[in-house]
Amino acid sequence: MKEAAEIELRKAAEERYLSYALSVITARALPDVRDGLKPVQRRILYAMYQNLRLGPDAKPRKSAAVVGEVLGKYHPHGDVAAYEAMVRMAQPFSLRYPLVHGEGNFGSLDGDSPAAMRYTEVRLAPIAEELLRDLRADTVEFRDNYDATLREPVVLPARFPQLLANGSSGIAVGMATNIPPHNLRELCQALVALVRDPRLETKDLCRWIQGPDFPTGGEILNSRKELRKIYETGQGAIRLRGEYTVETSRRKKIVVVTSVPYQVNKARVVEQIAEHIASRRLPQATDVRDESTDRVRIVVEIKPDASPEAVMAYLFRHTDLQVNFHVNLTALVPTAVPGVGQPARLDLAALCRHFLDFRFTVVTRRLEHELAEVERRLHLLEGFARIFGDLDKALRIVRRSRSRSEAAEKLERAFGLDREQADAILETRLYQLARLEIERIEEERREKRERARELRKQLGSEKERWRIVERELEEIAEKYGDARRTRIGRTAELVYDAEAYVVHEPTTIVLTRDGWVKRLGEVKDPRSTRVREGDAVRWVLRGDTKQRLVVFTNFGVLYSMKAVQVPATTGYGEPLQKLLRFQDRERVVHAMLAGEEEDGRGRLLVASLRGTGFFTSPDLSETTRSGRRFARLKEGDEVVAVVPARGEVVTVCTRGGKVLSFRASEVPELSGPGRGVILARLDPEDGLAGAVCHPEGKKLVAVGTDGSERRFAPPELGKRGQKGRKVLGRFEPLELRAEEAAGTLF
């Protein structure tokens with residue numbers, strides 16, 4: 001028994017992962033630039049054509065039989081993956097030109113799963129024959145299958161640009177591809193133009209190839225210039241949206257969505273629209289229903305005074321009725337080693353040239369194969385012509401021979417034949433040597449000679465072979481070409497105004513101590529609203545839906561969102577961390593509503609745990625869910641209070657119960673985020689608990705850590721930066737506010 005050899009783990013992992021990555025890239029995830037197919041797709045089509053004879057005119061067979069044939073002979077992988085690949089080739093909403101004709105349930109635009117393979121039946125679609133037609137004419141290379149018992153084609157001799165016609169998508173290791181489908185008629189016109197003028201570039205081909213043509217229709221919003229750049233670079237985003245019409249039903253105006261973007265789940269779109277209507281985020285719409293049959297028809301009922309354009313502008317922005325299709329023109333290009341492709345990102349012109357070069361090679365090999373067959377037949381016919389002059393002699397030789405081999409040898413010597421000719425004569429039935437049959441042989445001989453001269457002429461002229469490529473492309477366009485389904489930039493971009501969808505009405509926002517927020521119509525008793533166990537209401541903000549919720553956190557960051565975007569519910573609400581981009585251990589220290597009719601500014605007092613503070617007037621007119629810094633803090637410090645400046649006196653209290661009051665004029669106002677000045681000098685183990693800016697002579701309320709409150713008169717005015725004096729005794733304060741501010745803080 002051999003001893004196990006030691007190998008470095010890092011080296012072994014690199015080698016094995018590289019092998020895996022190359023296998024995924026070249027043999028699973030990326031399509032070949034020549035026939036536009038991945039290995040599993042190619043093997044499915046080949047097995048249906050070569051093994052099962054499931055042509056367009058054949059009787060369909062169970063999908064399970066096809067999958068079993070493919071797995072057993074060519075593709076040793078999972079049956080689910082193979083069946084999914086075959087299902088996709090049969091779905092008219094997935095492929096622009098389906099390659100498989102399926103009978104049974106093959107899924108739907110609503111995301112319904114196809115029936116199990118034992119229930120469905122398949123055969124090749126007519127256009128799939130154009131991928132396979134030249135296969136038996138020695139036009140492509142073959143290789144051993146996985147167990148070297150059979151041969152399979154490296155690539156199919158595709159007669160049309162399948163890669164661009166149907167597109168492809170796949171994720172490999174470190175790379176991906178996402179090629180959109182195109183209109184076959186436009187592709188063939190561009191390829192014919194490129195045959196006639198090989199100097200054409202991508203920008204020239206865009207005269208014929210207007211842009212992607214998706215099977216589900218839709219409308220492309222990109223300009224011609226943007227599309228040309230995508231085709232030139234091989235990557236970019238295509239803005240695609242569904243189409244709609246406006247109808248009148250029972251004296252009501254309705255919007256009818258007639259198409260959804262490519263690869264979008266129609267049922268999910270209907271759900272999204274219903275959610276926006278139910279939550280009153282789209283007040284112009286009243287109902288939605290799906291009336292689709294084999295055609296998409298999503299009906300959105302709108303109010304009599306509502307604008308259909310405004311409704312669709314909202315839906316395009318907030319649902320999957322408008323999406324981005326990210327183009328990535330990556331494919332495997334042929335190398336010097338047959339069967340091994342190299343991944344490359346190509347532009348449109350390169351994709352077309354690779355296909356044309358491949359077609360030229362296929363046509364050349366097909367002509368060479370046909371010429372060899374014609375010459376072989378002519379050779380046999382020459383033998384028949386030789387014995388026709390003395391047929392009786394040939395018959396006597398055969399009659400007197402004791403074996404087939406002896407008869408063949410004597411015929412060769414007597415008539416100057418070779419073994420192939422002699423064998424063909426011996427296999428011919430006697431009646432075929434009659435004069436009528438001989439005349440047919442002579443006629444065939446003349447036809448074969450004429451065809452051989454024509455083939456030699458075509459093989460001797462590249463121009464003639466390019467004419468064949470051109471003619472076949474024109475035939476494909478004529479036979480399978482159809483009108484474009486996807487429109488390109490024919491309608492103007494709809495204007496979206498967020499304020500047009502906000503219903504102006506009173507609202508109340510409730511924010512709890514643990515950071516849960518919700519929106520209610522009216523709150524009579526804040527303490528009776530539902531909160532999670534152990535939580536408590538902290539802020540009750542009354543205003544209207546046109547305002548914005550602004551929160552200040554202990555990290556010195558300001559967040560803002562529209563009040564109407566706060567979830568409307570009578571339940572617990574939603575955590576602020578889900579609506580705003582909070583960091584770990586970040587919590588709210590102040591919340592307020594900012595009005596649209598004002599300039600969005602208000603003077604605020606900011607105080608930190610380490611006793612520093614300042615006044616600020618932050619701009620509250622912009623929405624910022626990611627946060628904007630309003631204070632800069634030293635390490636270990638945090639904001640403990642952000643309060644409106646409503647007087648000429650500033651009072652601060654510490655966690656140890658000390659209170660200090662001084663003139664607000666001693667505190668500077670900063671134009672941007674900063675640390676400010678020392679408000680109170682703290683003992684080593686103490687920290688600032690709260691601060692308030694209030695009119696002189698007003699009583700204050702300290703809120704304890706246990707939720708209890710203590711009212712007291714502020715001490716005599718001192719100087720900023722002093723220690724203050726003990727006022728609250730054993731009471732440990734958490735917040736400080738002026739007495740008249742009750743009702744906003746609990």
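Student: Okay, buried means under 20% relative accessible area, exposed means over 50%, and partly exposed is what falls in between. Which of those is Arg53?

Tutor: Keep in mind that this is a predicted model. Arg53 has a relative accessible area of 48%, so it counts as partly exposed.

Student: And where in the chain is Arg53 found?

Tutor: Look between helix H2 (39–51) and strand S1 (61–62): Arg53 is in the loop that joins them. Its backbone deserves a glance too, since Arg53 has a positive phi of about 55° although it is not a glycine.

Student: What about Arg585, what is its phi?

Tutor: Arg585 is not a glycine either, yet its phi is positive, at about 65°. This arginine is in the loop between helix H18 (576–579) and strand S24 (588–594).

Student: Is Arg585 buried or exposed?

Tutor: Exposed: Arg585 has a relative accessibility of 75%, and the cut-off for that class is over 50%.

Student: Switching to sheets. What is the strand order in the four-stranded open sheet?

Tutor: The order is S33-S29-S30-S36, with antiparallel pairing. Strands S33 (688–694) and S36 (725–726) are at the edges with a single partner strand each, so one side of each has no neighbour in the sheet.

Student: How many bridges pair S30 with S36?

Tutor: Two bridges, in the antiparallel sense, and S30 covers residues 658–663. For one of the residue pairs, find Val659: its bridge partner in S36 is Arg725.

Student: What holds strands together like that in general?

Tutor: Strands of a sheet pair through backbone hydrogen bonds, and the pairing can be parallel or antiparallel.

Student: Now Ile678. Which strand is it in, and what does it touch?

Tutor: Ile678 is in strand S32, which covers residues 677–678. Leaving aside residues up to four places away in sequence, Ile678 touches Gly611, Thr612, Arg720 and Gly721. At 36% relative accessibility, this isoleucine is partly exposed.

Student: How far is Ile678 from Glu716 in space?

Tutor: Their C-alpha atoms are separated by 19 Å, and the two residues are 38 apart along the chain.

Student: Helices next. Which residues of H15 are buried?

Tutor: In H15, residues 419–426, the buried ones are Gln421, Ala422, Ala424 and Ile425. Down the helix axis, they fall within an arc of 160°, so they line one face of H15.

Student: What covers that buried set?

Tutor: The cover includes helix H12 (348–388) and helix H14 (404–415).

Student: Any empty space inside? How many cavities of 30 Å³ or more turn up?

Tutor: Three, from a search of the whole structure. The largest has about 60 Å³ of space. H12 comes back here, giving the most to the lining of the largest cavity, with three residues. Helix H6 (162–166) also gives two or more residues to that lining.

Student: Which residues are in that lining, and what classes are they?

Tutor: The lining consists of Val33, Arg34, Pro161, Leu163, Leu164, Leu191, Leu351, Cys352 and Phe355. By class, that gives eight nonpolar, no polar and one charged.

Student: And the second largest cavity, what is its volume and lining?

Tutor: Its volume is about 40 Å³. Among its lining residues are Arg88, Asn166, Ser168, Asn178, Tyr262 and Phe325. Strands S6 (168–171) and S7 (176–179) each give two or more residues to this lining. The classes here are five nonpolar, six polar and one charged.

Student: Last one: how much space is in the largest pocket, and what lines it?

Tutor: The largest pocket has about 940 Å³ of space. It is lined by 39 residues, and the closest to its centre are Lys38, Ala81, Glu84, Ala85 and Arg88. Arg88 also lines the second largest cavity.

Student: Which element gives the most to the pocket lining?

Tutor: H4, with seven residues. H4 covers 79–90, and helix H1 (9–29), H2, H6 and S6 also supply at least two residues each. By class, the pocket lining has 16 nonpolar, 18 polar and five charged residues.

Technical notes: Residues are numbered from 1 along each chain as its sequence is written. This is a predicted model: local features need pLDDT of at least 70, side-chain atom pairs count only at pLDDT 80 or more; totals for chains, interfaces and linings use all residues. Side-chain values use heavy atoms; hydrogens and water are left out. Two strands pair if DSSP finds at least two bridges between them. Buried means under 20% relative accessible area, exposed over 50%, partly exposed in between (1.4 Å probe, protein chains only). Contact means heavy atoms within 4.5 Å. The arc is that of the directions from the helix axis to the C-beta atoms. On a 1 Å grid over the protein atoms alone, a cavity is a set of points where a 1.4 Å probe fits but cannot get out, and a pocket is an open set with protein on both sides within 12 Å along at least five of seven lines; lining residues have an atom within 4 Å of a point. Grid points are joined across faces, edges and corners, and a volume is the space filled by probe spheres set on the points. Ala, Val, Leu, Ile, Met, Phe, Trp, Tyr, Cys and Pro count as nonpolar, Asp, Glu, Lys and Arg as charged, and the others, Gly among them, as polar.
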